Amino acid sequence: MGRFLFQMESPFEPTGDQPKAIRQLLVNFRQGIDEQVLLGATGTGKTFTIANVIEKYGRPTLVLSHNKTLATQLYRELKELFPENAVEYFVSYYDYYQPEAYIPQKDLYIEKDSAINDVIDRLRHSATKSLIERPDTIVVASVSCIYGLGTPEFYEKLRLHLYTGMQLDRQSLLRKLVELQYQRDDFSYKRGTFRVKGDTVEVLPAYSEDIIIRVEFFGDEVDSISELDVFNRDVKRKLDRTVIFPASHYVIPRPDMMEAIKQIQRDLELEVQEFRQAGKEIEANRLWQRTNHDIEMMIELGTCKGIENYSRYFDGRKPGEPPYTLIDYFPEDFLLVIDESHVTIPQIRAMYNGDLTRKDNLVKYGWRMKSAYDNRPLKFEEFTQKIEKAIYVSATPAQWEIERSRGVIVEQIIRPTGILDPVIEVRRTDGQIDDIISEVWKVKERGERSIIITLTKKMAEHLSDHLTDRDIKAVYLHSEIDTIERAKIIRELREGKYDVVVGVNLLREGLDMPEVSLVAVLDADKQGFLRSKTAFIQTIGRAARNENGKAILYADSLTPAMVEAIKETERRRRVQQEYNIKHGITPKTVKKEIKDLISLKELGILEVYENIPTEINSQEELFREIEKLEKQMWEYAANWEFEKAAEVRDRLERLRKIATVL
């Protein structure tokens, strides 16, 4: 194992259960155990444990999360822990995405519509570039990484190696750049473009936004290579050699593309013939016209809208074979870490069928060739076949992970703070509202906060209003509240603007609030997804960062899920108590700074950010400010005012760092 490949930097040493968990995970791998579970209770520092394992195991690592928000948090934490290594971020690059679809009942075709986030697209390119160039790469990804991506063979094969003294004429370089899907643009500075002036070619790589690669020729020879600042055009450094990666993951050598097009044309004729034999003339004509238009675009431009629907031909795959994905950019012996595996695994399992249903109508009605079926996410069994070494991380691992790991479970249930799992009380539902008001008041008087889980949205709304009428500052958190408002509500709960949050499902928030000491579940004995053993343990864990943590389950009977959750929580409490007694630890509530996710002043941004309000109060305002500055930056650049553009760029860089962690 490469102990020095990754260099972790942290002022903290592993404590509590962490040293034992780190040691056991590594020993298991050495003994040939390929897959194992890290059962980490809430607040025990699972990410820190995983970081230590990554450092000592020393292999490229994919950390998989079930949503962008948690992926961003993990990315931020790991980037801080591994500042000298390549920590990358790979999530869906769509800010808005309307997939191509056809609704036969209404004879309605919906064209694909999307808005690509340029920053995330750059980070995706940076991730694949690092995987090919550096063995010390950690990629934090959402489940979108199991969707089809261009073949790594072509992506690596087509990268352009340049060095001083190289025999290469300017026109050959331009042709190669076009083949890599770079576009010529002599007037603006955008990623994935190049510009030409005399014997000088300047390239803005797809994986960076602030550098230019300048290549100067002397006759048919590369005379010099420089790296420039994109705005002030100062030379950052002279290079002996450089590598330019493709501007798209869907790249293919020209000869291979022409062969692929021939196969597309042959298959098109067969599929059109099938439609005509079935008496479906409209579908036949539609498919013929649409596909031939795509073929013309590919011949002329090397790409077309929806080119991913033909990816099977370019990759050399047979019908039904799995697509290439981000996982294929990793070496075979990579380490896979699945965070919150009890949620992430079911998401991966469901993705293929959802995609297939939509594609069926497109193919059956002549909007797409059958090859569109092969532009898809991995099937679950295809995903599992790619697993070499894996750690499934969860406070409540599901049966699949346990069986897959053959029962190898490494426990981490001791908190560095010594805090125990919450005390659980079961109370009857008769008079539950009055009882909960009394409990919330006790918590409020201690300066702490409460969370209340109801069975329905309507009940949550009514209870929130009822609490407010009794001088309890309550807020209803529901699924229709957008991410921006959610972050604001959670922050205000911690600050004390609210005493209690009421909702139906507060599991998916990834809440980290040491101020919360009470969790109450109304109608806990009603059956349902949010009343399962896993849901109960996760819900109870919301109060596991406070020394006064308590969970009250209001129920008239004990369901099997309640019994199992209570039993497991009590087991963990016993282990935690024994550890505390043995080591003389007194439980103490985590004193976690309440960081205003949006406050620029608190994050030290105002020193370089002038002439704006001293505080931006919402993510929405932050994103609007970023958008305004981006336009301003490019306007300055277009007017050749590069000093001003560079100043705005520096401000943008700081703001984007804040936006990345939200």
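Visitor: Which side chain meets that of Arg237 in a salt bridge?

Guide: Welcome, and please keep in mind that this is a predicted model. Arg237 lies in strand S15 (residues 235-239), while its partner belongs to strand S14 (residues 221-229), so the pair ties together parts that are 10 residues apart in sequence. The N to O distance is 3.1 Å, and the partner is Glu227.

Visitor: Is Glu227 buried or exposed?

Guide: Its partner Arg237 has 47% relative accessibility and therefore counts as partly exposed. Glu227 has a relative accessible area of 11%. Buried means under 20%, so Glu227 is buried.

Visitor: How many residues apart are Arg290 and Glu100?

Guide: Their side chains meet in a salt bridge, with 3.0 Å from N to O. Arg290 sits in helix H8 (residues 281-301), and Glu100 in the loop between strand S4 (94-98) and strand S5 (101-103). The pair thus links distant parts of the chain, and the separation is 190 residues.

Visitor: Why does Arg290 count as partly exposed, when Glu100 is buried?

Guide: Glu100 has a relative accessible area of 7%, and is buried because that is under 20%. Partly exposed covers the range between 20% and 50%. Arg290 falls in that range because its relative accessibility is 24%.

Visitor: Which residue forms a salt bridge with Arg428?

Guide: Arg428 is in the loop between strand S20 (423-427) and helix H13 (432-445), and the other residue is 128 residues away, in the loop between S25 and H17. Arg428 is exposed, with a relative accessible area of 56%, whereas its partner counts as partly exposed at 39%. The closest N and O atoms are 3.7 Å apart, and the partner is Asp556.

Visitor: How many salt bridges does a search of the whole structure find?

Guide: Besides the pairs above, some residues are linked in a network of salt bridges, among them Glu425, Arg427 and Lys550. Asp435, Glu439 and Lys442 are also part of that network. For the whole structure, the search gives 43.

Visitor: Where is Leu558 found?

Guide: Leu558 joins Val426 and Val563 in a nonpolar patch on the surface, with about 240 Å² of accessible area together. It counts as exposed because its relative accessibility is 52%, and the cut-off is over 50%. Leu558 is found in the loop between strand S25 (550-554) and helix H17 (560-583).

Visitor: Which are the edge strands of the open sheet of 7 strands?

Guide: The strand order is S3-S8-S2-S17-S18-S1-S19, with parallel pairing. An edge strand pairs on one side only, and here these are strand S3 (86-90) and strand S19 (409-412).

Visitor: Which residue in S19 does Val37 stand opposite?

Guide: Strand S1 (residues 35-40) and S19 run parallel and are joined by 4 bridges. Opposite Val37 in S19 stands Ile409.

Visitor: At what angle does helix H3 run to S3?

Guide: Helix H3 (residues 68-81) lies across S3, strand S2 (61-65), strand S8 (137-142) and strand S17 (335-339). Its angle to S3 is about 170 degrees.

Visitor: What share of the residues of the protein chain count as buried?

Guide: The protein chain has 19 helices and 25 strands, and its accessible surface comes to about 30700 Å². Of its 662 residues, the share that count as buried is 54%.

Definitions and conventions
Residues numbered from 1 in each chain as written. Predicted model: local features only at pLDDT ≥ 70, side-chain atom pairs only at ≥ 80, totals over all residues. Heavy atoms only, no water. Patch = residues over 30% accessible without salt bridge, like charges linked within 9 Å, V, L, I, M, F, W, Y side chains within 5 Å. Areas by Shrake-Rupley, 256 points an atom, 1.4 Å probe, with all protein chains shown as cover. Salt bridge = Lys/Arg side-chain N within 4 Å of Asp/Glu carboxyl O. Helix = DSSP H or I, 4+ residues; strand = E, 2+ residues; numbered from the N terminus. Buried < 20%, exposed > 50% of the residue type's maximum accessible area, 1.4 Å probe, protein only. Pairing = 2+ DSSP bridges. Contact = heavy atoms within 4.5 Å. Axes fitted to C-alpha atoms, helices over the stretch in contact; angles between N-to-C directions.
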